[in-house]
Amino acid sequence: MAKNTLIIAAGGTGERTGLDIPKQFYVIKGKPVIVHTISVFEGMEEIDEIIISCHKDYISHTLDIVEKYGISKVTSVIEGGDTRQKSVYKAICRVSEDTDYILIHDAARPFINADSIRRCLIDASVTGCASVGKRVADTLKRSDDKCYITDTVDRDNLWQIQTPQIFRRDIISHCHEKCISDNVECTDDCMICERYGHRIKITEASCINTKLTDSSDILLAEAILGV
């Protein structure tokens, strides 16, 4: 059976939420958001270890949370870099040597479910690279720089790419190292692998998988998880 390591990207400061703490540490239904997120993976036999990459000012706080809520699969809480890409790469460098697949998930996506994760793992085992996503349902418009509509974008085959994003370890490690040598910054790990010729299979999410970004997302999370 393949060994799978989860990296939790928890370096965000959550300025757009208007909270006085990073969103991943905001408490909903008696638990920080990051605990709601990790608990799904923690309960899956397919996940062998978890590494959390966070801002240096919150390492101690994160360690306290791991201990308080008995999250047993966390093997490391590390200081992230000054970008998400650098934070993920630092975590990749810490995974166990016998890891086969690396899952990368946002700490502020607490609604992911085990079904979506398992199906994405299966896709990654076949293709080497996979990501959970959602088909775009809204009508999309393109505008000029003054916010006037210029045209309508065909939404067929358009997706919102989410996390987890899952990769064979050798692929994601090599592509991150290539980005460093090429001095390239990408917005997500799929983009990193795309850049170096890898095809990513999209696994359609079987759940709400919203990332908490602004204050309205916090209200949504409270409504779904229950205050």
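What radius of gyration would a compact globule with 227 residues have, and what does the protein have? A few notes on that and on the rest of the model, which is predicted.

1. Overall size. For 227 residues, a compact globule would come out near 17 Å in radius of gyration, and the protein has 18 Å, which agrees. If you want a feel for the outer dimensions, the C-alpha atoms fill a box of roughly 55 × 40 × 35 Å along the principal axes.

2. Elements and contacts. You'll find seven helices and eleven strands here. Take the contacts between residues at least 6 apart in sequence: 73% of them join residues at least 24 apart.

3. Surface and burial. Buried residues account for 45% of the 227 in the protein. The accessible surface is about 11700 Å², and carbon and sulfur atoms supply 48% of that.

4. Charges. The protein carries 28 positive and 35 negative charges, and the mean positions of the two sets sit 2 Å apart.

5. Helix α1. This one, residues 33-42, is mostly covered, with eight of its ten residues buried. Among the buried ones are Val33, Ile34, Val35, Ile38 and Phe41. Have a look at His36, Thr37 and Glu42 too, as they are also on the buried list.

6. Glu46 and Arg118. The structure has eleven salt bridges in total. In one of them, the side chains of Glu46 and Arg118 meet at 2.7 Å, N to O. Glu46 belongs to the loop between α1 and β4 (49-54) while Arg118 is in helix α4 (residues 114-127), so this pair ties together parts that are 72 residues apart in sequence. How do the two partners compare in cover, buried or partly exposed? Glu46 is buried, at a relative accessible area of 15%, whereas Arg118 is partly exposed at 35%.

7. Arg84 and Asp106. Here is another salt bridge, with the closest N and O atoms 2.8 Å apart. Since Arg84 is in helix α3 (residues 84-92) and Asp106 in strand β6 (residues 101-106), the pair ties together parts that are 22 residues apart in sequence. Arg84 counts as partly exposed at 28% relative accessibility, while Asp106, at 6%, counts as buried.

8. Asp151 and Arg142, then a network. Asp151 forms a salt bridge with Arg142, and their closest N and O atoms are 2.8 Å apart. Both partners are partly exposed: Asp151 has a relative accessible area of 27%, and Arg142 is at 44%. Elsewhere, salt bridges that share partners join Arg84, Asp106, Arg109 and Asp189 into one network. So when you inspect the Arg84 and Asp106 pair, bring up Arg109 and Asp189 as well, because shared salt-bridge partners put these residues in one network.

9. Asp98. Where does Asp98 sit? Its place is the loop between α3 and β6. Asp98 counts as partly exposed, at 49% relative accessibility. Leaving aside residues up to four places away in sequence, Asp98 touches Lys3 and Arg169. Thr5 is 93 residues from Asp98 along the chain, yet their C-alpha atoms are separated by 9.8 Å.

Notes. Residues are numbered from 1 along each chain as its sequence is written. This is a predicted model: local features need pLDDT of at least 70, side-chain atom pairs count only at pLDDT 80 or more; totals for chains, interfaces and linings use all residues. Side-chain values use heavy atoms; hydrogens and water are left out. Helices (H or I, at least four residues) and strands (E, at least two) are DSSP runs, numbered from the N terminus. The radius of gyration is taken over C-alpha atoms; the globule rule is 2.2 Å times the number of residues to the power 0.38. Buried means under 20% relative accessible area, exposed over 50%, partly exposed in between (1.4 Å probe, protein chains only). Contact means heavy atoms within 4.5 Å. Accessible areas come from the Shrake-Rupley method with a 1.4 Å probe; for residues, only the protein chains shown count as cover. Lys and Arg count as positive and Asp and Glu as negative; His and the chain ends are not counted. The place of a charge is taken as NZ of Lys, CZ of Arg, CG of Asp or CD of Glu. A salt bridge is a side-chain nitrogen of Lys or Arg within 4 Å of a carboxyl oxygen of Asp or Glu.
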